[in-house]
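Me: Please take a close look at one part of this model for me: the place where two helices from two chains meet. Then lead me outward from there, in short steps.

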Amino acid sequence: MVNTTEHEQILLKGLAQNDKNSIESIYRENYTSIQSFVLNNNGSVDDARDIFQEAMIVLYEKSGLATFSLNCQIKTYLYSICRRLWLKRLQQLGRFSTQLEILEEIVPVEEEIVDHEKKNEDFILMEHAMGKIGEPCKSLLDAYYLQKKNMQEIAGEFGYTNADNAKTQKYKCLVRLKKLFFAQYKNT
Amino acid sequence: MDDIVLLEAVERYLRGEMSPEEKAFFEGLRKKDPEVDQLVVEHTYFLQGLETFGTTKAFKHNLQEVEDKLIEEGLIGQSQLKGTAKLLFLWKKYQRNIAVAASIAGFISLLAASVMVTYTKKYSNENYRVLVDQLNKTNREVSKLKSKEIGGVLVNEKPEVDFRATGFLIDGKGYLVTNAHVISKRKNIYIENRKGDFYRAEALYTDQDVDLAILKITDTAFKTVTNLPYSIKKGNSDLGEQFFTLGFPRNEIVYGEGYLSAKSGNDGDSTAYQLTVSANPGNSGGPVINRNGEIIGIITAKDSKADGVVYAAKSKNIINLLEKLKKLDDKYQVIKIPSNSDLKGLDRVQQVKKMEEFVFMVVGN
């Protein structure tokens, strides 16, 4: 038998590597309590799903950091994040209530949430920019920067006569993406 | 240098693929040419963003798949509690209105009681003059209230107001700050000064997250004031710092004082402070001023269950909001918030005197 902390360490390592089994275990162990928390505080099942997903992303972002350490149980951490996110959401919806009862131990998570919001903004900006550049740029950049394929492979896949041409094209696309990305940045 | 060649160099540099000589040359170039240096910094940031985008996207994909599986299994989506939650929600939603209604009722009955007391005193007390004076005063108050309801002489518009809160000038050209919750979903917003004049105002920018709004008085009758005596603090304030507040929990300006009791607001909200001060419906949007005459916060809410626990948005949020507003439209570049306080070193009574004419009632419907 592995003890709890060891079990949690394994889950967190798995999470950092985007391992589906780890994600599933964390869901199974924690989702229900978060759902009842949201339902008991003016929310719906859909709200609970959203909030839990977002909290998982926060944990994922954190687990990938070189400096990562979790000073509490995953359960406590997720609960704290969800609680904070849900309170914020309630405020935005004008359903503000100061009476969210604290049923469980919570840890301070304000910094993480600020970090996450910044990352999320960048994510949305990048998504928009990617949406705007069109094909074949999108797939080309995806293949190189996200799927980490090499230029030789990409040239073959996309039908370029050689890797150098594919590379030139890739840089042209990258310049366009970058322009779109930073242009939105200035507008926000 | 060709952009693409340069970009490629940057990427190879970042990935550590350069030979030592090439690296030395490139680093020399960075030092000599600030543009190249900037490009490296910018491209690093961008590539990190792209990388994070990719990994987060992949992670979201897996999350969704796990979620779908668990929905099918029935682990996600059992919602027996929904009925109670709905009811609770409705109660909580209307609770505030009920509280407001109750406090208005309380106010009216108190007013009626004081009139009655005056009349009784009129007949039982020998000091008749003073009492007439009081009575007249009461009558004036009452007629003033009435004139507001039907549109009195002072009013060029005829506002029927159904809420009252506080706001204060941040620029003498008619720019004010109040709470977002004060003006959200309102049709008409008016600023009322001490003389009872109403000025029409509109919201330029609201931020529900920090619960602040920037208003602009649109009436031409409003005369620009110069030299606001207070400044707006850009930094954080310290625990235990003492302050005073001005606001309109009544139809008349009310002074209050207290101290900063926590550096975060409700539930760890880092955009707000917790204060210990007395505040009531109508105080929303009121300035929190420290002894140097700097505005350190804006009253937003209080805890309905704990005594004297009041929350205030931090003053630096005003500056953030203004920046966002200016980005939206260049014409708002004209807004200049006061950076120096003339209130420093004055005693409290003088500070309040100098300040009160810039704190207004925010009313409307």
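Reply: Start with the angle. Helix 5 of chain A and helix 3 of chain B count as roughly perpendicular to each other, because their axes cross at roughly 90 degrees and angles of 65 to 115 degrees earn that label. Keep in mind that this is a predicted model. Two packed helices are described by the angle between their axes and the distance between the axes. For this pair, the axes come within 10 Å.

Now find the residues. On the chain A side, helix 5 brings A:Lys119, A:Asp122, A:Phe123 and A:Met126. On the chain B side, helix 3 brings B:Gly49, B:Leu50, B:Thr52, B:Phe53 and B:Thr56. Sort them by class, and the contact has 4 nonpolar, 3 polar and 2 charged residues. Helix 5 of chain A spans residues 110-133, and helix 3 of chain B spans residues 34-73.

Next, follow chain A past helix 5. A loop lies between helix 5 and helix 6, and A:Pro136 is found in it. Look at the bond before this proline. A:Glu135 and A:Pro136 are joined by a cis peptide bond, with omega about 5 degrees. Most residues other than glycine have a negative phi, and most peptide bonds are trans.

Then comes helix 6 of chain A, residues 137-146. Its buried residues are A:Leu140, A:Leu141, A:Ala143 and A:Tyr144. Seen down the helix axis, these buried residues fall within an arc of 160 degrees, so they line one face of helix 6. Just after this helix, A:Lys148 takes a positive phi of about 55 degrees.

Go back along chain A for two more positive phi values. A:Asn18 is found in the loop between helix 1 (4-16) and helix 2 (20-40). A:Asn18 is not a glycine, yet its phi is positive, about 60 degrees. A:Asn42 is found in the loop between helix 2 and helix 3 (45-63) of chain A. Its phi is also positive, about 70 degrees, and A:Asn42 is not a glycine either.

Are these two asparagines buried or exposed? Count neighbours. A:Asn18 has 19 C-beta neighbours inside 10 Å, and buried needs 20 or more, so A:Asn18 counts as partly exposed. A:Asn42 has 22 C-beta neighbours inside 10 Å, so A:Asn42 counts as buried.

Cross over to chain B. This chain has 8 helices and 13 strands. Of its 365 residues, 28% are buried. Take contacts in chain B with a separation of 6 or more: residues 24 or more positions apart account for 61% of them.

Finish with three strands of chain B. Strand 3 (residues 189-192) and strand 4 (residues 198-207) pair in the antiparallel sense over 4 bridges. They form a hairpin with 5 residues between them. In that turn, B:Gly196 has a positive phi of about 90 degrees. Strand 4 also pairs with strand 5 (residues 212-217), in the antiparallel sense over 6 bridges. This hairpin has 4 residues between the strands, and in it B:Asp211 takes a positive phi near 60 degrees.

One residue ties the strands together on paper. B:Ala201 in strand 4 stands opposite B:Ile189, and in strand 5 the bridge partner of B:Ala201 is B:Ile217.

Methods:
Residues numbered from 1 in each chain as written. Chains lettered and ligands numbered in written order. Predicted model: local features only at pLDDT ≥ 70, side-chain atom pairs only at ≥ 80, totals over all residues. Buried ≥ 20, exposed ≤ 12 C-beta atoms within 10 Å, placed from the backbone. Arc of directions from axis to C-beta. Pairing = 2+ DSSP bridges. Axes fitted to C-alpha atoms, helices over the stretch in contact; angles between N-to-C directions. Parallel < 35°, antiparallel > 145°, perpendicular 65-115°, else oblique. Contact = placed C-beta atoms within 7 Å. Nonpolar A, V, L, I, M, F, W, Y, C, P; charged D, E, K, R; others polar.
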